[in-house]
Every structure is written in structure tokens, then in C-alpha cells.
Amino acid sequence: MARTTTTRRGLLSGLANGLMTLPAAVVYTGLTVVPVGYAVYYSFTQYNGIPSQAPTWVGWENYARIIADPIGDLRPAAWVTLVIAVVGAFLVNGAALGIAMLLRRTTAFNTFARAVMFYPHVLSALIVGFLWQAILGPQGAVNNLLENAGQSTLPFLADPDWALVTLVGVIVWAQFGVQLVLYLAGLQAVSPELQEAARLDGANGPQVFRHVTWPALAPTVTVTIVTSILSLLKVYDVVLGLTNGGPGDATQTWAYEILAVSFANNKVGLACAQAVLLVVVAGILSFTIIALRRRAEEGAEAVG
Amino acid sequence: MTRTTPIRTAFRVGLVAVLSIAMLVPMYIMVVNAFKPQQEILLSPLGFDLATLTTDHIAAAWQNTSFPVVEGYAVTLFLVLACNVVAIGASVPAAYTIARTPTPLFRFLLFFFVAGMFVPAQIILVPAIFVLKALGLMGTLPGLVLFMSSTMIPFTLFIFSGYIRMLPRSLDEAASIDGAGRQRILWTIVFPLMRPIVATAFILNALSAWNDFVSPQLILGPGSQFRTITTGVYAAVSTYTTNYEIVFPTLLLAVVPILLIFVLMQRHIMGGLSAGAVKG
């Protein structure tokens, strides 16, 4: 008798537990997990997205098409995305860490400066793109200034190579504020006693940074690198505003390829295969970085 | 700290000042040129002539039917609030249960939710559109809210469960002995204690909902009667990118409120971000 009531109570509380997680599970499963499943399924099919025409199973064809790249439209997108992710991550983190070191002390002036460095992040990336397009475009503010000063104009967005550099620059301008906030939070955790002790032992500024501050920042560095690469891999809105992928395909990112090329041309199967590949690459990259950083972080515990 | 020489401090302050100005120049260009005729924008992008300053273009941008400003703000604000209500409302009980039930099943459930943090929203958007079509929610605000909320749930739930785990269990037990039920314990005792982390989640979710462009553009559709700020700006500006009499005033109307909110709430927004990162 006693046993049945406890099992019943266990069952009831299990049911209650299940009910508590139900709303989150339903919304998340329905609109994130199921779509991921569909993306994987569609990636093995040829499908134009029209409900009356069922997807046809084509196996690995979409993936083969991406890797073989017969009309040479995907390699540029992969290259652009790689440049943005690697160069962008370096610049974002370099700028963020450098400025965090400048602004680490909490004074009124520094608090103001932190807000100034961060504000582009509250603007939508699309608007940031449009704004910089108006500043750096062929008719934009900078080129008009140059022209009025009798100089020749600069092809910030008109030349393919310049456009990619400009795009990376704009992304860094808009994004480093987030990593700056993370570095500032990380710097708060670096023990001031340890830094003072190192100074008393005769270490100069760069030495203190290299042997005390930098190792203690290791966990923060992992977080900032992973989060910045994850967000740089899916850059889309800012491209749409700044260059719309041009000139030619010089600034078409992988996400642009998925949404504005494949999906817009009703190649749902191909779009999904590209999306799946991006998620896989993002996952592999994050886990590799986290694994590589583990040693540095163990060092941080020794210092911290 | 006593080591810093005045020259170094001056150098640092000077450098920060120069960088700050560099960050603000684009805003200055936008604000100044929003009040100038095209001719003058082209002639002197940085200067302004008090005699020719005009609010005509702002007024025109305000009346532009591609970007109905007031409605755009209303729709965007609705999205911010509705997505937060759904994402936070669904995550609180789930995170509470997961944090308080240390069985393998619920540990797996947490992992299942957290995995969603690695799935970029715009990547699953294409298949999500088919799910929404099947549900009859494509092109509707509820469909958009559900999709955006589902992308917010993993992070929200993750930071909530971490926070609840730090709250002493004895609180729940004491309330339970006093006869309070689960729901009552959760909403009258635990939830009020979660205020800081709920604020963090609200701010981060609000920023992402406010600035999202791809989801409303694709789920509501370009021809939709509902425009958010971002889809409105896109409709108004994308085909006229060299008509600066349209570009600058439209962008100005789109960013002023969020910048004002940022100035007022700057500490909370930046604090929320670092709190989220430390927990996440």
C-alpha cells in the first residue's frame, strides 16, 4: 500500500515536472529542433519549396555540388566568410583587448568612452550597413570630401578587394564593443595583488601583462574568440546594407549565399545543405578552439 | 597604480578621446545630413549651413509609406515584449524543474536545450518557414513571435537554470512545509529572487528582437502589412541608397529611440551583457 502511494506520487511529480518543461520544450522543439531535422532532410533532396511538388531524394548530390562547385560561385563565398571570420576575429579581439586595457579603470571619462565604443552594437546591422554605405559609397561623404579637396576618390565599395576590406572594417567597428565589455569584465577578475606583486618584483608594464594579466584572462579569451567567430560566420544583414554582396560577388558571405542566392532562387535543398555545412563547421571550430584553449585556461587557474 | 606618470595619463586620455571621436563621426554625419538638401550633402558632407537647414526631409521620411514609422515602432515593440514574455515565461518553469531535478533525464534535457545555442537563427529560418506554413502561421505575427522566441529559449533557459542552482534549496523546502504548491513556490518565492538574471535575459533578448531583420523579412514577407523598424528601413532605403535625402533622415528616425534608450540604460545593458557572458 505504502509502496503504491510512493510510486503514484513519484509518477505524479514526474508528470508535474514534465508539464513544467512542456511550454519551453514545445516551442523550442517545434521551431528549432524540427527545422534542424527538416534542414538535414531537405539537404539530401532537390526541392523548390512549392508545396504541391514533393522533394525528390538525391542523396549527397547537394553536398557534392557544394564541394565540386561547378560554376565557381561558392568558392568566393567560402573565401569571403573565412576572411571575415579569421581576420575579423583577430581585429575584433585585438581592438577589444587593447581598448579594454586603456579603459580598465572605472572613471567617469572611461565609463563614457566605454559607452561610445559599445553603442554600434545596439544599432541593427542592416542600419550600420546602410549608414556606412552612405559614408563610403562612390557618392558618399568621404569621397565627396576627397573630391572637394581636389583628390582622387577611393573605391571603398566599388573595387572587389577594397570592398572586402571595408566590409571587415565596418564589421569590426560595429562588433568589437561586445568583446570589449567581456574583456572589461574579465579584467575585473584579474587579481590586483598579483599585478602589484609582479610590479614590486620589478616587472614592467608589458611584462606584467604577458605573465600575469594575459594568462589570467585565458577563460575570457576563449569566450570572446568563440562568440566572435560564431557571429562572424553568419554575417548577413550588414552585407545587405553595405554592398548587397557586390561588386560582383566580392562580398557575398556564406549566409548571403544561403538566403539571398539559393533560397531566393527556390533551391531549398541546396540552401539547406549549405546551412547544415555552416552549422557543422561552426560546431567543429568552436569545439576545436575550446579544446585548444583548455591548456591556456589551466594556466589561468594556476595564476588566478 | 602610483607609477603612472602624467605624460602617460595624458597620452592615454588623448588616445581614448581620438578613438571616441572616430566612433562618433558616423553618427555626426547621419544627424547633420538628415537636415540638409542633397546638393549640400554632396558639397559638404561634414559642415552645415544654418540658413539651409531643413526638417522637410525628416517630415518626408516620417510620411514615407514604405516605412510607417509609428507602426514600425509599435510592431517592433510588440515583438520585443511578446518574444520576451514567451521566452522568459516558458524558460522559468522549465529551468526551475531542470535545476531542481538532478536526474539524468533532466540533465539530458538541459543539454538538449543548450545545443540550440549553437544553431544560428537565420540558418534554420528556411526550414522553419515550412514548419510555420504547415501550422498555418506563416506571414503572421504569432508565427514570427514563436520562431523568434524559440531561438531565445536556449540561452534564456541556460542562464536561468545556472542561476536557480545557486539559490538555496532550503527556501523551496521551507515553503513546501508551509503547504505551498510547486507553482506557488516558483512564482512567489523563486521568481522574485531571479530578478537580476531575468533583467539580463530581457535586455539581451530585447536587443536581438529589436535588431532582427531576416526573421521578420522572411516570415512576415516583404509585402506584409506589418513592418518592423528594420524591414521598414530596408523597404524605404534599399532602392534609393544614393538618394541621401531619403537615406539619412530614415536612418535617423530608425536609430534615435534605441540610442536614447541606450544612453539612459547604458549601465544595465552593458552590465547585463557581461553578466550573461559570465553565466553563459
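This passage describes the contact between two chains, the charged and aromatic pairs, and a few individual residues in a predicted model.

The interface between the chains is a good place to start. The size of such a contact is often given as the accessible area lost when the parts come together. Here, chain A and chain B bury about 7,300 Å² between them, and carbon and sulfur atoms account for 79% of that area. On one side, 78 residues of chain A take part, and on the other, 86 residues of chain B. Of the area that chain A buries against chain B, 11% is supplied by A:M20, A:Y28 and A:L31, more than by any other three residues. Helix α1 of chain A, which spans residues 2–42, provides the largest share of the side of chain A that touches chain B, with 20 residues. As for polar features, 8 residue pairs are in polar contact across the interface of chain A and chain B, both partners having a pLDDT of 80 or more. Salt bridges across this interface number 0.

Aromatic rings come next. Over all chains, the count of aromatic pairs comes to 26. Ring pairs join A:Y38, A:Y41, A:Y42, A:F44, A:Y47, A:W57, A:W60 and A:Y63 with B:F130 in a cluster, so residues of chain A and a residue of chain B are both represented in it. Charged side chains form another group. Side chains of opposite charge can pair when their charged atoms come close. Over all chains, 4 salt bridges are found. One of them brings together the side chains of A:D73 and A:R65, with an N to O distance of 3.3 Å. These two residues also belong to a network of salt bridges that links A:R65, A:D69 and A:D73. Elsewhere in chain A, the side chains of A:R199 and A:E196 meet in a salt bridge at 3.6 Å, N to O. Both residues lie in helix α8 of chain A (residues 192–200), 3 residues apart, which is about one turn of the helix. A:R199 is buried, with a relative accessible area of 19%, whereas A:E196 is partly exposed at 31%.

In chain B, a salt bridge joins the side chains of B:R100 and B:D172 at 2.9 Å, N to O. B:R100 belongs to helix α4 (residues 69–100) of chain B and B:D172 to helix α8 (residues 169–177) of chain B, so the pair ties together parts that are 72 residues apart in sequence. B:R100 and B:D172 are both buried.

Cysteines and a serine in chain B can be taken together. A disulfide is a covalent bond between the sulfur atoms of two cysteines. The search of the whole structure finds 0 disulfides over all chains. Two of the cysteines are buried: A:C272 has a relative accessible area of 1%, and B:C83 has a relative accessibility of 0%. B:C83 is also one of the residues touched by B:S149, together with B:V86 and B:A87, when residues up to four places away in sequence are not counted. B:S149 itself sits in helix α7 of chain B, residues 141–166, and counts as buried at 0% relative accessibility. Its side chain reaches the backbone oxygen of B:V145 at 2.5 Å. From B:S149 to B:P168 the C-alpha to C-alpha distance is 29 Å, for a separation of 19 residues in sequence.

The last group of residues surrounds helix α12 of chain A. A:N244 lies in the loop between α11 (237–242) and α12 (254–263) of chain A. Although A:N244 is not a glycine, its phi is positive, at about 50 degrees. With 42% relative accessibility, A:N244 counts as partly exposed. A:N266 is found in the loop between α12 and α13 (268–303) of chain A. Its phi is near 65 degrees, again a positive value in a residue other than glycine, and A:N266 is partly exposed with a relative accessible area of 43%. Within helix α12 of chain A lies A:S262, which is buried at 3% relative accessibility. Leaving aside neighbours within four places in sequence, A:S262 is in contact with A:E257, A:K267, A:L270, A:A271 and A:Q274.

Key:
Residues are numbered from 1 along each chain as its sequence is written. Chains are lettered from A and ligands numbered from 1 in the order in which they are written. This is a predicted model: local features need pLDDT of at least 70, side-chain atom pairs count only at pLDDT 80 or more; totals for chains, interfaces and linings use all residues. Side-chain values use heavy atoms; hydrogens and water are left out. Rings of Phe, Tyr and Trp (its six-membered ring) pair if their centres lie within 6.5 Å; planes under 30 degrees apart count as stacked, over 60 as edge-to-face and the rest as tilted. A disulfide is a pair of cysteine sulfur atoms within 2.5 Å. Buried means under 20% relative accessible area, exposed over 50%, partly exposed in between (1.4 Å probe, protein chains only). Contact means heavy atoms within 4.5 Å. Buried area is the accessible area (1.4 Å probe) that two parts lose on being put together, summed over both. A polar contact is a pair of N or O atoms within 3.5 Å; within protein, one must be able to donate a hydrogen and the other to accept it, and residues adjacent in sequence count only if both atoms are side-chain atoms. Helices (H or I, at least four residues) and strands (E, at least two) are DSSP runs, numbered from the N terminus.
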